[in-house]
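Trainee: I am new to this structure and would like a close look at a single part of it, the sheet and what packs around it. Please take me through that part step by step.

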Amino acid sequence: MKTKRCTNSSCRREFKLETLVCPHCGKQYPRANAGLDKNKHYAEILTYCGPSKLSTIKVIRKHTGLGLKDAKTLVDYTPSLIGKRFRASQAEALKAEIRAAGGDAMIVPASRGTKGVFVLPKKAG
Ligand SMILES: [Zn+2]
């Protein structure tokens, strides 16, 4: 069962990832995909790598298929573009897993520019 840790500093207890209200302290976690159009694509930006870079790297690799080196580079250079063609549900799942790993991410329209965000250089060939 996947869990996340409550961000309420006086709580910090774990609960089920899909729960929208912390059962311990009552802090609300609004469903983050409210407002996302499931027919559109979204870019996702890693804004914080979290205390365990390795956990965040694993989540990124799972969702992008990136190699270890590329995933590590994204984690090392936050804010960084994880990908720009995620379906809404996948973008949400990725964000939730990054948060569960202790990091944070931001979902933005795929059409948005990537100014100020690190982007992996394109591979030759
Ligand atoms: Zn709580």
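Trainee: To begin with one pair, which residue in E4 does Ile45 stand opposite?

Mentor: The model is a predicted one, and the residue facing Ile45 in E4 is Leu81. That pair is a way into the sheet. Strand E3 covers residues 41-48 and strand E4 covers 80-87. E3 and E4 are joined by 5 bridges and pair in the antiparallel sense.

E3 also pairs with strand E5, made of residues 104-109. Here there are 6 bridges, and these two strands run antiparallel as well. One residue of this pairing is Glu44, whose bridge partner in E5 is Ile107. In general, the strands of a sheet pair through backbone hydrogen bonds, either parallel or antiparallel.

Put together, the 3 strands make an open sheet, ordered E4-E3-E5, with antiparallel pairing. E4 and E5 are the edge strands; each has a single partner strand, so one side of each lacks a neighbour in the sheet. From one strand to the next, the twist averages 30 degrees.

Next comes the helix that packs on the sheet. Helix H3, residues 88-100, lies across E3, E4 and E5. The direction of H3 is at about 140 degrees to E4. Leu94 is a residue to follow here. Apart from its neighbours within four places in sequence, Leu94 is in contact with Glu44, Val59, His63, Ile82, Phe86 and Ala105.

Leu94 also belongs to the largest nonpolar core, which has 18 residues. Within this core, Leu46, Ile82 and Leu94 touch the most other members. At least two core residues come from each of E3, helix H1 (53-64), helix H2 (68-76), E4 and H3. E3 makes the largest contribution, with 4 residues.

Last, the setting. The protein is divided into domain 1, residues 1-30, and domain 2, residues 35-109. The C-alpha centres of domain 1 and domain 2 are 21 Å apart.

Definitions and conventions:
Residues are numbered from 1 along each chain as its sequence is written. This is a predicted model: local features need pLDDT of at least 70, side-chain atom pairs count only at pLDDT 80 or more; totals for chains, interfaces and linings use all residues. Domain bounds come from an automatic or database domain assignment. A nonpolar core is a set of buried Ala, Val, Leu, Ile, Met, Phe, Trp, Tyr and Cys residues joined through C-beta atoms within 7 Å. A residue is buried if 20 or more other C-beta atoms lie within 10 Å of its own, exposed if 12 or fewer, and partly exposed in between; C-beta atoms are placed from the backbone. Two residues are in contact if their C-beta atoms, placed from the backbone, lie within 7 Å. Two strands pair if DSSP finds at least two bridges between them. Axes are lines fitted to C-alpha atoms, for helices over the stretch in contact, and angles run from 0 to 180 degrees between N-to-C directions.
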